[in-house]
Amino acid sequence: MSSQNIINPSTSKPTGLKAGYNPSLGPIQLPSSYQSQIASKSRNIYDHSVFRRTPEVNLSSLSFLFSAMIEQTQQTSKGVQQLEAKLNSYGYGVGNKFLELITLREGKSAKRETRIVEVLQFIHSQVWKTLFGRPADGLEKSQDSEDEYMIIDNLPLMSQFISVPKDFNQLNVNAFTAGIIEGILDSAYFQANVSAHTMAADGYPLRTVFLIKFDHGVLEREAIRFSR
Amino acid sequence: MGYSIGIRLIEDFLAKTGTGRCVSFKETAEVISKIGFKIFLNIIPTITNWTSDGKTFSLIIEENPLAEFVELPDDGKSNKELWYSNVLVGVLKGALEMVQLDVDVFFVSDVLRGDATTELRLKLNKILKDEIPAGED
Amino acid sequence: MTIYSLYIINKAGGLIYQNDVNPGLSRLTANEYLVLAGTLHGVFAIASKLTPTALKVSTPSSISGVHNSATSSITSSSIGGGTNSSNNINSNSTILSNYSKGALNVVSNSNTSGLRSVDTKFFSIHIFQTLTGLKFLLVTSPNGLNSNDGINNTGSNVDLNKNSEFAESVLRRIYSIYSDYVMKNPFYSMDMPIRVDLFDQKVTELIKTLS
């Protein structure tokens, strides 16, 4: 008689055994003869190496997927602000997980950034290179306020085929990328709000500025730690 | 969502590859696998399981970029109800419809569900002859 | 050859894009453009039905032989005049239907038996049709075809050939731009008029590099 049969009340329906930790039973070791449906798969996802670079996928496919995502989101949004907020939240989920992956892939050279400027440089170069194949075009500090920084991309990869109609007042679909940045910053303990703004320049009609506004606490922490 | 991608994606496909009209559904299958999947997803699914009337075939997707590192939740439902990569179904359906092929597309198995292979089946219902643009032979 | 304007007609015959990329043609009213597009769409479809008879005449086998051996022309006194109200070009207008089945290595241009070009003394129209039924039209300066000696003049046919090949290559590039900047734009609804800034820009850039 296995431990499970003893602990479970007789009325409970037998449930499939799952390997792992069960709060009421403790760790469950499955007999070696047992094969769950998932484990019977020829290849298990845990066998994949996370270091393996995924094969490149056509930019068109990405653009179409992004386009369909915006189209769908737009249909369920009331107004530009809500659309941007939703795109931002999609990106946030990516950013959260992406920080883990990129630091893991960097291996021994990975380091935890503790200063605002350094974490921004990390995003400007490493993150941008991994996501978009090249570093961003600029990193600037706002002259007006202490807590604002800007990352600039002259031709954002995700939105290079997208022209926003004039009646979509000031929408920038890179709110998605802004969400990624925000997700990365948050999981690196640099709480911030990130938004995307179109600021066309000569020859770069899609030039986008990602405005990063850090929480007050982040600045205070920085001041206490590095003032002396 | 896949459908609306499909009806747009076909223009990209035609404009960039310059593919002409297929003379047979067999050729369509080849083009979908060797050109379509190759350029858009960088994979070449195997074409197999033709029916004798030549109207239905399967694409076996060995390595699915959509499903890499994906594991369906073990809630007893997703394994039976969710076709994780169903967006592909819509894309194919939409794209083929734009070149006047009425096709049913559906998954019959998926490694995410514990199946041995990921198999996508395409069944040609009819060629929409009335909608073929004038000026073609 | 100067490119005056670009038209895009959807598969139902509706005009979804019209852009005068170079000055040279007088403007029509919005309604007249729509009628022009619809008419061309219709003429195109009917012209394709003429094909079988033309094919009996000969089947050209080389690209250079296309226009000489398989071109049939319809001289019309009304169509050229109808498209351009300010110029009186009722006379001496020629419509060419080039039947070239199996002759050209037509790749994405699915237009094998329909109207390929319309020529008048003052302008030419080149038509490119996709497998999905979209039509891309270029209005250009005339093909150098003097309708008095007409298509019997071999010299002008060489020009005509070169021009239509050139026009087709331009149209194919425009199709490519369309597939990038119109199809990948989530704010564009299928089959509707194209109001897309980046598409305008890229088309203008392309035309600039050509002239």
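In which kind of crossing, left-handed or right-handed, does α1(B) pass α4(B)? Keep that in mind while you set up the view; what you have open is a predicted model.

**Stop 1: two helices in chain B**

Select residues 2-17 of chain B, which is helix α1, and residues 87-98 of the same chain, which is helix α4. Their axes come within 6 Å and cross at roughly 50°, so α1(B) and α4(B) are oblique to each other. As for the opening question, the crossing is right-handed.

Now show side chains at the contact. From α1(B), pick Gly2(B), Tyr3(B), Ser4(B), Ile5(B), Gly6(B), Ile7(B), Leu9(B), Ile10(B) and Phe13(B). Facing them from α4(B), you'll find a set that includes Val87(B), Leu88(B), Val91(B), Leu92(B), Ala95(B) and Met98(B). Lys93(B) and Glu97(B) of α4(B) take part too. Colour the whole contact by class and you should get 13 nonpolar, five polar and two charged residues.

**Stop 2: the sheet of chain B**

Stay in chain B and switch to cartoon. There's an open sheet of four strands here, in the order β1-β2-β4-β3, with antiparallel pairing. The edges are β1 (46-48) and β3 (101-109), each of which pairs on one side only. Neighbouring strands are turned by 25° against each other on average, ignoring direction.

For a look at the pairing itself, select residues 56-60 (β2) and 119-127 (β4) of chain B. Five bridges join these two antiparallel strands. A handy landmark is Leu59(B), which stands opposite Leu120(B) in β4(B).

Next, bring the helices back. Residues 25-41 of chain B form helix α2, which lies across β1, β2, β3 and β4 of chain B and runs at about 155° to β1(B). Your old friend α4(B) lies across β3 and β4 of chain B, at about 165° to β3(B).

**Stop 3: from chain B over to chain A**

Keep α1(B) on screen and add residues 59-75 of chain A, helix α2. The axes of α2(A) and α1(B) come within 10 Å and cross at roughly 145°. This crossing is right-handed.

Which residues make the contact between α2(A) and α1(B)? On the α2(A) side, select Ser60(A), Phe64(A), Leu65(A), Ala68(A) and Glu71(A). On the α1(B) side, select Ser4(B), Ile5(B), Arg8(B), Leu9(B) and Asp12(B). By class that gives five nonpolar, two polar and three charged residues. Notice some names from the first stop: Ser4(B), Ile5(B) and Leu9(B) also belong to the contact of α1(B) with α4(B).

**Stop 4: chain A on its own**

Hide chain B and zoom out. Chain A has six helices and six strands, and along the sequence they follow the pattern α-β-β-α-α-α-β-β-α-β-β-α. Of its 228 residues, 26% count as buried. Among contacts between residues at least 6 apart in sequence, 55% join residues at least 24 apart.

Find the open sheet of four strands with the order β3-β4-β6-β5, again with antiparallel pairing. Its edge strands are β3 (138-141) and β5 (192-198) of chain A. The twist averages 20° from one strand to the next. Then select β5(A) together with β6(A), residues 208-214: seven bridges join this antiparallel pair. Within it, Ala196(A) has Phe210(A) as its bridge partner.

**Stop 5: chain C and its neighbours**

Turn on chain C. You'll see six helices and seven strands, in the pattern β-β-α-α-α-β-α-β-β-β-β-α-α. Of the 211 residues of chain C, 45% count as buried. Here 53% of the contacts between residues at least 6 apart in sequence join residues at least 24 apart.

How many residues of chain C are in contact with chain A? Ten, and they meet twelve residues of chain A. Select α5 (154-181) and α6 (197-210) of chain C, since each supplies at least two residues of that side. The chain C side holds five nonpolar, one polar and four charged residues.

Last, bring chain B back. Its contact with chain C takes 19 residues from chain B and 24 from chain C. On the chain B side, the largest share, eight residues, comes from α1(B), the helix where the tour began. That side has eight nonpolar, four polar and seven charged residues.

Conventions
Residues numbered from 1 in each chain as written. Chains lettered and ligands numbered in written order. Predicted model: local features only at pLDDT ≥ 70, side-chain atom pairs only at ≥ 80, totals over all residues. Contact = placed C-beta atoms within 7 Å. Nonpolar A, V, L, I, M, F, W, Y, C, P; charged D, E, K, R; others polar. Axes fitted to C-alpha atoms, helices over the stretch in contact; angles between N-to-C directions. Parallel < 35°, antiparallel > 145°, perpendicular 65-115°, else oblique. Left-handed = near helix turned anticlockwise from the far one by under 90°. Pairing = 2+ DSSP bridges. Buried ≥ 20, exposed ≤ 12 C-beta atoms within 10 Å, placed from the backbone.
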